[in-house]
Amino acid sequence: MYPLVALLKSFHTLRWTPLQLALAACIFIILTCNAPLWQLILSQPYESLLQQMLFSLAFFTLMLAVFLLFLSLLSWPRLIKPVLVLLLLCAALVSHFMSSYGILIDKVMIQNLFETDMAETADLINVQLLVHLLLAGLLPALFLATRPIRPQRIINLLGQQLACVLACCVLLGLNAALFYKDYSSLFRNHREIRNLAVPSNFIYYTSRFLTGAYDATSRPFEQLGLDAVRKPPINNSNGKPDLTIVVLGETARSMNFALNGYPRNTTPELAQLPVISFRNVEACGTSTAVSVPCMFSLMTQASFDNAASHYQSNVLDILQRAGISLFWRDNNSGCKGVCSRIPHQSSDELGEQGCNQEECFDMQLLTGLEQWLHDVDGDAVVVLHQQGSHGPAYYKRVPEDARAFTPVCNSNQLQTCNQADIVNAYDNTIVYTDRLLAQVIRFLQNQGNQFNTAMVYISDHGESLGENNLYLHGMPWLLAPDEQKRVPLITWLSEDFQTTHGLDAECLDSRRSEPLNHDYLAHSLLGLMRVQTSVYEPTLDLFAPCTSSNMHLAQTSDNQGTPQDHSEG
Ligand SMILES: [Zn+2]
């Protein structure tokens with residue numbers, strides 16, 4: 001017994017060099033915070049078990065060499081402990097979300113993290129997270145933080161750092177010499193490795209996000225659509241101004257709408273209304289932080305630059321410039337900069353009607369809207385930004401009486417619920433969105449005496465509900481499954497709106513299966529509100545081919561294109 005106690009005692013009083021602490025932290029993080037990465041490495045096709053073991057060992061030394069190279073620069077007595085504590089805590093947090101939800105870390109995911117709010121954060125906290133954080137983050141951090149540091153002369157410290165750098169370079173060289181072929185095919189076939197490897201993934205993408213944000217602050221603001229004016233209505237029959245409500249959905253995926261063919265009746269109210277549901281619409285991104293700026297930007301998805309979009313007029317700025325009154329109401333975590341130059345209001349400014357202790361239900365977005373419209377002079381566009389189907393706590397998004405499907409997953413730990421209960425909880429959020437949209441349409445019908453009214457509903461991105469073991473959203477676009485990319489787009493136009501704008505609903509209805517994407521939103525809003533500007537692109541206006549003037553032109557050019565028909569007729 002005594003030798004063991006003596007050994008423990010001597011270990012406890014052991015004095016560590018900064019590099020030894022860094023080495024211990026690296027080994028711990030590589031082995032405990034990289035489950036998805038090790039799964040990938042071990043599942044590669046190997047010729048034999050020996051080959052698998054050798055390559056796995058080599059990959060371990062590669063990671064160790066890379067991380068130690070970086071940490072050796074920070075291995076100073078006063079610096080190393082805070083660095084390692086921060087690293088261990090972040091690594092534990094990141095690895096929990098990667099393992100639990102199958103998410104990958106990239107610049108957008110880091111941006112989401114910086115732009116999230118308390119309610120969204122609270123939804124993600126659960127016992128599993130706290131236990132993981134304690135075991136993989138806090139306890140090892142506490143252990144390293146309490147180790148006594150061996151006092152050394154600076155020359156010795158520098159000597160150790162140099163030896164460490166040299167050893168790392170030798171390890172990297174050996175890896176390259178012995179396993180070059182394995183690495184080249186691994187990295188070519190699995191580009192996601194840079195998103196998987198903890199801690200390099202969050203260190204790299206956080207620095208890229210922060211430097212990008214820094215670059216953007218020095219940009220001048222680019223005004224677009226300075227020539228924006230309103231065109232007169234096609235049939236000026238009633239003299240009423242126009243009112244369009246844009247409902248900006250959250251995490252709603254197209255395939256779960258009964259209107260789009262989903263076998264469950266998730267859209268009972270909209271089914272009774274003359275709406276048009278476009279069923280083949282692709283999102284610009286797979287997260288709010290990308291999709292929302294992208295859909296209101298005049299840039300297309302192909303040319304979209306998120307940092308630049310914050311320093312450029314968006315479609316709402318241009319509508320406002322054309323003399324239309326704008327208003328953004330938000331029940332989400334904010335408008336991601338899109339509403340900064342127009343009047344806006346968040347749900348906590350809307351009063352407590354329709355809210356519980358934790359959050360407000362989306363129906364609250366209509367509270368007091370009539371009063372605002374009362375004071376509006378002329379045309380108006382209102383954006384209602386929903387909380388929608390934001391996960392993982394889907395069950396919190398709907399009031400009790402809107403639970404059409406039961407039993408529901410009553411937890412934010414999706415892994416602990418069965419698939420059917422998760423889908424029930426999610427589908428209830430679609431049913432509640434259906435109720436909201438029907439209520440918006442009734443609201444607009446009531447405004448029919450004062451305005452020609454229209455509604456456009458579109459979601460920012462979709463959601464994975466366990467398909468291929470993926471949950472939530474935010475996968476890099478190229479790897480993201482359709483569940484995260486396909487979004488609903490639903491329009492409703494009052495009779496008066498159709499008449500004064502010369503819009504043919506039948507023509508619009510015939511377009512419901514055409515491939516569309518978020519690029520269409522900005523230009524369709526310009527077209528819908530009859531705003532003329534040089535930045536308007538009619539080929540990206542959903543409504544343009546169905547307005548009577550354009551339909552007439554199209555018919556004329558069709559006739560001119562078939563001269564033989566004329567001669568025969
Ligand atoms: Zn979103």
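A residue counts as buried when its relative accessible area is under 20%. Keep that cut-off in mind for the first stop; the model on screen is predicted.

**Stop 1: the zinc ion**

Select the zinc ion and show the residues around it. Its donors come from Glu250 (OE, listed twice), Thr288 (OG1), Asp460 (OD) and His461 (NE2), at 1.9 to 2.7 Å. Along the sequence these donor residues follow the spacing E-x37-T-x171-D-H. Glu250 and Asp460 are 210 residues apart, and the pair links distant parts of the chain. To find Glu250, go to the loop between β2 (242-249) and β3 (276-278). For Asp460, go to the loop between β8 (452-459) and β9 (464-465).

Now select Glu250 alone. Its relative accessible area is 1%, so Glu250 is buried. Asp460 has 0% relative accessibility and is therefore buried as well.

**Stop 2: helices α4 and α9**

Next, select residues 49-72, helix α4, together with residues 154-189, helix α9. How do the two axes cross? They come within 8 Å and cross at roughly 140°, so α4 and α9 are oblique to each other. The crossing of α4 past α9 is left-handed.

Show the side chains where the two helices touch. On α4, the contact residues include Leu54, Phe55, Phe59, Leu62 and Leu69. On α9, pick out Cys164, Val165, Cys168, Leu172 and Phe179, which are among the contact residues there. Colour the contact by residue class: 18 of its residues are nonpolar, 5 are polar and 1 is charged.

Terms used
Residues are numbered from 1 along each chain as its sequence is written. This is a predicted model: local features need pLDDT of at least 70, side-chain atom pairs count only at pLDDT 80 or more; totals for chains, interfaces and linings use all residues. Side-chain values use heavy atoms; hydrogens and water are left out. Donors are N, O and S atoms within 2.8 Å of the metal (3.2 Å for Na, K and Ca); water is not among the atoms, so sites may look incomplete. Helices (H or I, at least four residues) and strands (E, at least two) are DSSP runs, numbered from the N terminus. Buried means under 20% relative accessible area, exposed over 50%, partly exposed in between (1.4 Å probe, protein chains only). Axes are lines fitted to C-alpha atoms, for helices over the stretch in contact, and angles run from 0 to 180 degrees between N-to-C directions. Angles under 35 degrees count as roughly parallel, over 145 as roughly antiparallel, 65 to 115 as roughly perpendicular and the rest as oblique. A crossing is left-handed if the near helix is turned anticlockwise from the far one by less than a right angle, and right-handed if clockwise. Contact means heavy atoms within 4.5 Å. Ala, Val, Leu, Ile, Met, Phe, Trp, Tyr, Cys and Pro count as nonpolar, Asp, Glu, Lys and Arg as charged, and the others, Gly among them, as polar.
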